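Reader: I should like to learn how the features of a structure are read. May we work through one together?

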Amino acid sequence: MLSASFTPYSLAVPVSVESSTAIYRALKETGVRIVSALPETWLVHLIRMAEDDDEMTLVRLAKEEEGVGISTGAHLAGVKSAMLMQNHGFLAAINGIVSCGQLYRIPLLMLISQRGSFGEQDPWQCEGGGVTEHVLEALRIPFDRLEAAEHVGKRIAKAQTLAHSASRPVALLLCRDLMWDD
Amino acid sequence: MRRLDALQAVYPELERCVVVTIMGAVAAELQSIGHRPNFFYLQHAMGLASSVGLGIALGRPELQVVVFDGDGSLLMNLGGLTTLARYRPRNLVHVVFDNESLLSVGGFPTATSTGSDLAEIAKAAGVPHTATVRGLEEFREAFLAAQKRDDLTTLVAKTDAVGPSGYVTDLSLLENRYEFARHLKQLGRGE
Ligand SMILES: Cc1ncc(C[n+]2csc(CCOP(=O)(O)OP(=O)(O)O)c2C)c(N)n1
């Protein structure tokens, strides 16, 4: 049981509700109906929104790679989906992305919080930030960055369009300036 | 029990289902009995067959999904069992052919050969119905019961570590993938 003085972690950290709302809205506008997620601080509002939305199926994962399988199944079944994870989760999902998403040409929309960039305060997040974009490039995964409010709607829609026209996994990096109100 | 015989025993029941298999020996065996457009063979990505099955089951609750998994594959995604149990798709039957080995890559033994019990693991993960079966008739009956149950079942079928001599078939991966997706779309239109 939670004690009376319990403060949800999400309220104690300045993750942008406004940006999260804009991202969530854009996902829905592109037709996403299943979101698989593994929480991390920057994603708390997005995950709550999916949880509270009757039109969305939120799949809470034990490990990010499962999300690739779930999105693959959803796509084959004709349902649009997206994955929410941090960059270390992306690193944990790579074989699934290559051996399932890419091998089977699955339009997989990955929203990846780009931890470990300038401004990062958590020492343990710092290695992933430096390698994420290089790994995306090595995997030939088209990606773009969401850094400001004006990027959100357009870039999510464009990412979804390319994922489907190219029939390939694509990624959007959720960056600090967008996600963190400090 | 040979896995090929087990597949043969339930093959007629697969016609009205959507089937996802793991790579290698199982995929080749099912194709040797007869490929159908409602069969999808996940020819790599060890562990993810059950996750693909979950994605289909959640996306299309009206379809009956069957996953043919393997012990080595499932051991690579044990966390996925907890996710499967958590969402408890009532339209999914999860069969694990446990030959206690990585048959498709030389037959090296897995941990089920030294006592790890996948049905117990699935049960402890929260899968509501689990069983281990050893004989052909027992398998067929348990499979039919699982299909009728309208709830999530993980059925572990202990099989001999024997399989086909080769695993590459003339069905290309992408041909299979697009045919399968198109077939599911048609099912949605009631055709
Ligand atoms: C990540 C990864 N590691 C290793 C392999 C090589 N590999 C291909 S099939 C296989 C064994 C699969 O074992 P199991 O699921 O028990 O099925 P079986 O071959 O026994 O039918 C392995 C290890 C792989 N495909 N992917």
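Reader: Which backbone nitrogen lies 2.9 Å from a polar atom of the side chain of Ser16(A)?

Author: A polar contact is a pair of N or O atoms within 3.5 Å. In this model, which is predicted, the backbone nitrogen of Ser19(A) is the one at 2.9 Å from the side chain of Ser16(A). The side chain of Ser16(A) also reaches the backbone nitrogen of Glu18(A), at 3.4 Å.

Reader: Where in chain A does Ser16(A) lie?

Author: A residue is placed by the helices and strands on either side of it. Ser16(A) belongs to the loop that runs between α1 (9-12) and α2 (17-29) of chain A.

Reader: Is Ser16(A) buried or exposed?

Author: Buried means under 20% relative accessible area. Ser16(A) has a relative accessible area of 2%, so it is buried.

Reader: Which residues does Ser16(A) touch, leaving out those up to four places away in sequence?

Author: Ser16(A) touches His45(A), together with Leu178(A), Met179(A), Trp180(A) and Asp181(A), when residues up to four places away in sequence are not counted. A separation in sequence may also be set beside one in space: Ser16(A) and Ala93(A) are 77 residues apart in sequence, and their C-alpha atoms are 26 Å apart.

Reader: How is Arg48(A) to be described, by its element and its relative accessible area?

Author: Arg48(A) lies in helix α3 of chain A, which covers residues 44-52. The class between buried and exposed runs from 20% to 50%. With a relative accessible area of 39%, Arg48(A) is therefore partly exposed. The C-alpha atoms of Arg48(A) and Met85(A) are separated by 14 Å, and the two residues are 37 apart along the chain.

Reader: How many helices and strands does chain A have?

Author: Chain A has 9 helices and 6 strands. Its radius of gyration is 16 Å, close to the 16 Å given by the globule rule for 182 residues, so chain A is as compact as a globular protein of that length. Along the principal axes, the C-alpha atoms of chain A fill a box of roughly 50 × 35 × 35 Å.

Reader: What share of the residues of chain A count as buried?

Author: Of the 182 residues of chain A, 57% count as buried. Contacts can be read in a similar spirit. In chain A, among contacts between residues at least 6 apart in sequence, 78% join residues at least 24 apart.

Reader: How many positive and negative side chains does chain A have?

Author: Chain A has 16 positive and 22 negative side chains, with the centres of the two sets 7 Å apart. For chain B, the mean positions of 18 positive and 21 negative charges are 7 Å apart.

Reader: How many helices and strands are there in chain B?

Author: Chain B contains 8 helices and 8 strands. Its radius of gyration is 15 Å, which agrees with the value near 16 Å for a compact globule of 191 residues. Of these 191 residues, 55% count as buried.

Reader: Which residues does Gln43(B) touch, not counting those up to four places away in sequence?

Author: Such a list may name residues of either chain. For Gln43(B), it includes Leu103(A) and Tyr104(A), as well as Met23(B), Gly24(B), Ala27(B), Gln31(B) and Leu173(B). The side chain of Gln43(B) reaches the backbone nitrogen of Gly24(B) at 3.3 Å. Gln43(B) is found in the loop between β2 (39-41) and α3 (49-59) of chain B, and at 19% relative accessibility Gln43(B) counts as buried.

Methods: Residues are numbered from 1 along each chain as its sequence is written. Chains are lettered from A and ligands numbered from 1 in the order in which they are written. This is a predicted model: local features need pLDDT of at least 70, side-chain atom pairs count only at pLDDT 80 or more; totals for chains, interfaces and linings use all residues. Side-chain values use heavy atoms; hydrogens and water are left out. Helices (H or I, at least four residues) and strands (E, at least two) are DSSP runs, numbered from the N terminus. The radius of gyration is taken over C-alpha atoms; the globule rule is 2.2 Å times the number of residues to the power 0.38. Buried means under 20% relative accessible area, exposed over 50%, partly exposed in between (1.4 Å probe, protein chains only). Contact means heavy atoms within 4.5 Å. Lys and Arg count as positive and Asp and Glu as negative; His and the chain ends are not counted. The place of a charge is taken as NZ of Lys, CZ of Arg, CG of Asp or CD of Glu. A polar contact is a pair of N or O atoms within 3.5 Å; within protein, one must be able to donate a hydrogen and the other to accept it, and residues adjacent in sequence count only if both atoms are side-chain atoms.
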